[in-house]
Amino acid sequence: MGRQKKRLGKEHLKRIIDSCRSVEEKGINPFLVDVNNILAIIHEYFPEWKNPEELCLDAEAVHQIASAIKLQSEWVKHRSTSLYTDPFLIEEKLRKLSKEEISTIFFKSWHPIVELEQISPHSLAEAIKYWQNLIPLDERWQKTEGLQIETGTTTREELVKQQIIAKKEFSKELETFWQELKQKAMGKDKIEYWDFIGAETYEETVKHAYLASFLVTYGYATLEVDRLEEIVYIRPYKTPIPTVGKKQAISLPIPISFEDWKNWKGGVKD
């Protein structure tokens, strides 16, 4: 077993430990832990561990996955004994109901709140005082005459210089960026998000992230998250897939901090 593969195995075990601890400490849904996949990883590297330190790391990973399985058991027990109903089941039931049945249920559970609004003598006095202090309309209109501005002409270069219009049409820039993504992902089907948006400067990286968000929003690409490895991938589509009105969109905020950019750039150089 090469040193590199051994190092990779230790990193896998540390990620497994951190992931399981995070689920336990933050109260996250324990079923986010892919037990079968983790056990396969532990089983793959176990025969290679020789020294006590490596075996302790392996034991800790097994202990953490056992804790995650225990949490999953408790999660199921709690849901089954607290009359919990999964939101997706409720949504499915609603979809199967007719409009008349939904209306009947709505009226049975509808308890409108009666609200009374009335004006007080004090409010009336304040209103009269306000109107009495207003200056006549003819005097107000005199003060609101529009300013006369001398018109002129300008050039496209001047508008670009003043950042009123973009140097390149946004749609064309987005198309070029999409082609670049397909080129980088060629042969791998997808590429790590940071490897795609990362650039020489932080400003350029932010601009790439901005364009990438539109690629995903407009159906040119999609994002995939490996929750165990904590890696975000971006996968380009061969042709744009309209997403508006097709299904419910899910927002995935990805912070692009200066520290993240420095860490990525340092990793690339290494």
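**Exercise 1. Locate I28 and decide whether it is buried, partly exposed or exposed.**

Step 1. Find the residue in this predicted model: I28 sits in the loop between α1 and α2.

Step 2. Look up its relative accessible area, which is 30% for I28.

Step 3. Compare with the cut-offs: buried means under 20%, and exposed means over 50%. I28 has 30%, so I28 is partly exposed.

Step 4. Now look for its partners. Setting aside neighbours within four places in sequence, I28 is in contact with S22, V23 and W75.

**Exercise 2. Describe how helices α1 and α2 cross, and which residues meet there.**

Step 1. Mark the two helices: α1 covers residues 3-26, and α2 covers residues 35-45.

Step 2. Follow their axes. They come within 10 Å and cross at roughly 145°.

Step 3. Give the handedness: the crossing of α1 and α2 is left-handed.

Step 4. List the residues on each side. From α1 come K5, L8, G9, H12, L13 and I16. On the α2 side they meet I38, I41, I42, E44 and Y45.

**Exercise 3. Place I102, classify its exposure, and find the surface patch to which it belongs.**

Step 1. Go to helix α5, residues 99-109, where I102 lies.

Step 2. Use the same kind of reasoning as for I28. The relative accessible area of I102 is 36%. Buried would need under 20% and exposed over 50%, so I102, at 36%, counts as partly exposed.

Step 3. Check whether I102 can join a patch. A patch residue needs over 30% relative accessible area, and I102 has 36%.

Step 4. Name the patch: I90, L94 and I102 make a nonpolar surface patch of about 240 Å².

Step 5. Compare the patch with the contacts. Leaving aside neighbours within four places in sequence, I102 is in contact with L94 and L97. L94 is also one of the patch residues.

**Exercise 4. Sum up the whole protein in four steps: its elements, burial, contacts and surface.**

Step 1. Count the elements: there are 12 helices and 3 strands.

Step 2. State the burial: of the 270 residues, 21% are buried.

Step 3. Turn to contacts between residues at least 6 apart in sequence. Of these, 65% join residues at least 24 apart.

Step 4. Finish with the surface. The accessible surface comes to about 21600 Å², and carbon and sulfur atoms account for 56% of that area.

Conventions
Residues are numbered from 1 along each chain as its sequence is written. This is a predicted model: local features need pLDDT of at least 70, side-chain atom pairs count only at pLDDT 80 or more; totals for chains, interfaces and linings use all residues. Side-chain values use heavy atoms; hydrogens and water are left out. Buried means under 20% relative accessible area, exposed over 50%, partly exposed in between (1.4 Å probe, protein chains only). Contact means heavy atoms within 4.5 Å. Accessible areas come from the Shrake-Rupley method with a 1.4 Å probe; for residues, only the protein chains shown count as cover. Patches are made of residues with over 30% relative accessible area and no salt bridge: like charges are joined within 9 Å, nonpolar side chains (Val, Leu, Ile, Met, Phe, Trp, Tyr) within 5 Å. A salt bridge is a side-chain nitrogen of Lys or Arg within 4 Å of a carboxyl oxygen of Asp or Glu. Axes are lines fitted to C-alpha atoms, for helices over the stretch in contact, and angles run from 0 to 180 degrees between N-to-C directions. A crossing is left-handed if the near helix is turned anticlockwise from the far one by less than a right angle, and right-handed if clockwise.
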